[in-house]
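Q: I have a new model open on my screen and would like to learn how to read it. Could you walk me through it?

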Amino acid sequence: MPHYLLNSLEVAQYQRDGFVIVRGLFERDEMLKLLSHAKGDEALTQSVYGRKDSSGQVTKLALQNEAGDDLYGMFARSPRMLDRVEQLLGEEVYLWHSKMMLKEPLVGGAWEWHQDYGYWYFDGCLTPDLLSVLISIDHAHKANGCLQVIRGSHLIGRIDHGKTGDQSGADLSRVQQALDRMELVWCECEPGDAIFFHSNVLHRSDQNTSPNARWSLICCYNTKSNSPLTVRKHPRYTPLDRVTDDAIRAWQPLHHS
Ligand SMILES: O=C(O)CCC(=O)C(=O)O
């Protein structure tokens, strides 16, 4: 099986900026397959729940704590993801969780400024050696609330978080200080592009006031040695089986009911 590694420039970008975007990590047909499967997936629909932003607008998501044999698992277990994540984190990783993010047209709520380790800290992980990969399913632009990040903000370390709406939000005076010195980046993406981002990078997204949905699949990984000391919401180290590179195309729903 081929290995999929980032080049030295991409690794340096991740270390300096706290994120790196890999364009076209997945092909159009793979993304269309994911979108059409997710749209008709009864189990997904039933597990969707909402999170209010600070203005009360709801954004929806569905979370899975394991990478199984369903189509979402084929993405989470893809060597295109795992080789790069292990390269960035420097050791074996496992799935912390994955989530389908459904930012619906005209009504999809915002995600407020936060660091993922702002709340994963309370899930028992001793260090911030976790990262997320956001795979765009739809075109993601400013108008439909694409991801925004503060370049280099992972270097600040963990900031205090409090409740904002139903979400965990970073101390906004610190966020403002970061914005005074660091660049705000709008991560506009096409379907199949993937944003690899550090668990301490400050990020948010706007409400979706456009007529176009913004769905994405986010796979979050933890290192084996950072397995939580106490388990609250997400699992301890569980070995992750890589699938082959053609697993997404080969996957058939009837074989995995
Ligand atoms: O998808 C988004 O808009 C933001 C997601 C996010 O902030 C997160 O999953 O931590």
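Q: Let me begin with a single residue. In which strand is L131 found?

A: Keep in mind that this is a predicted model. L131 is found in strand β6.

Q: Is L131 buried or exposed?

A: The idea is to count neighbours: a residue is buried if 20 or more other C-beta atoms lie within 10 Å of its own. L131 has 27 C-beta neighbours inside 10 Å, so it counts as buried.

Q: What is L131 in contact with, beyond its neighbours in sequence?

A: Leaving aside residues within four places in sequence, L131 is in contact with V85, L88, L89, F196, F197, H198, S199 and Y221. One of these partners, H198, stands opposite L131 in β11. The two are 67 residues apart along the chain, yet their C-alpha atoms are separated by 4.7 Å.

Q: How do β6 and β11 run, and how many bridges join them?

A: β6 and β11 run antiparallel and are joined by 5 bridges. β11 also pairs in the antiparallel sense with β1 (residues 19-22), over 4 bridges. In that pairing, F19 has F197 as its bridge partner in β11.

Q: How do I read the two faces of a strand like β11?

A: In a regular strand the side chains alternate between the two faces of the sheet. In β11, A194, F196 and H198 lie on one side, I195 and F197 lie on the other, and all are buried. Both faces of β11 are therefore covered.

Q: Which strand does β13 pair with over 10 bridges?

A: That is β4, which runs antiparallel to β13. Y94 has N222 as its bridge partner in β13. β6 is also antiparallel to β13, with 7 bridges joining them, and there L134 stands opposite I218.

Q: How many residues of β13 are buried?

A: 10 of the 10 residues of β13 are buried, so the strand is largely enclosed by the rest of the structure. R214, S216, I218, C220 and N222 point one way, while W215, L217, C219, Y221 and T223 point the other way.

Q: Which residues touch the most other members of the largest nonpolar core?

A: In soluble globular proteins, nonpolar side chains tend to be buried together. The largest nonpolar core here has 61 residues, and F75, F196 and C219 touch the most other members. Not counting residues up to four places away in sequence, F196 touches Y14, F19, V20, V22, R84, L88, L131 and V133.

Q: Now a helix, please. Which residues of α5 are buried?

A: An α-helix has 3.6 residues a turn, so residues three or four places apart point the same way. In α5 (residues 79-89), the buried residues are M81, L82, R84, V85 and L88. Their cover includes α1 (8-17), α4 (71-76), β4 (93-103), β6 (130-136), β11 (194-198) and β13. Just after α5, G90 takes a positive phi of about 80°.

Q: Which residue has a positive phi although it is not a glycine?

A: L106 does, with a phi of about 70°. L106 sits in the loop between β4 and β5, and it is exposed, with 12 other C-beta atoms within 10 Å.

Q: Where does N7 lie?

A: N7 lies in the segment before α1 and counts as exposed, with 8 C-beta neighbours inside 10 Å. The C-alpha atoms of N7 and R84 are separated by 9.8 Å, although the residues are 77 apart along the chain.

Q: What is the strand order in the open sheet of 4 strands?

A: The order is β5-β12-β7-β10, with antiparallel pairing. β5 (111-114) and β10 (184-187) are the edge strands, each pairing on one side only. From one strand to the next, the twist averages 20°. β5 and β12 pair over 2 bridges, and H114 stands opposite H203 in β12.

Q: Finally, which residues surround the ligand?

A: The surrounding residues are M101, W111, D116, L147, H203, S205, S216 and I218. By character, this shell divides into 4 nonpolar, 3 polar and 1 charged. β12 (203-205) and β13 (214-223) each supply at least two residues of the shell.

How values were computed
Residues are numbered from 1 along each chain as its sequence is written. A residue is near a molecule or strand if its C-beta atom, placed from the backbone, lies within 6 Å of it. Ala, Val, Leu, Ile, Met, Phe, Trp, Tyr, Cys and Pro count as nonpolar, Asp, Glu, Lys and Arg as charged, and the others, Gly among them, as polar. A nonpolar core is a set of buried Ala, Val, Leu, Ile, Met, Phe, Trp, Tyr and Cys residues joined through C-beta atoms within 7 Å. Two residues are in contact if their C-beta atoms, placed from the backbone, lie within 7 Å. Two strands pair if DSSP finds at least two bridges between them. Axes are lines fitted to C-alpha atoms, for helices over the stretch in contact, and angles run from 0 to 180 degrees between N-to-C directions.
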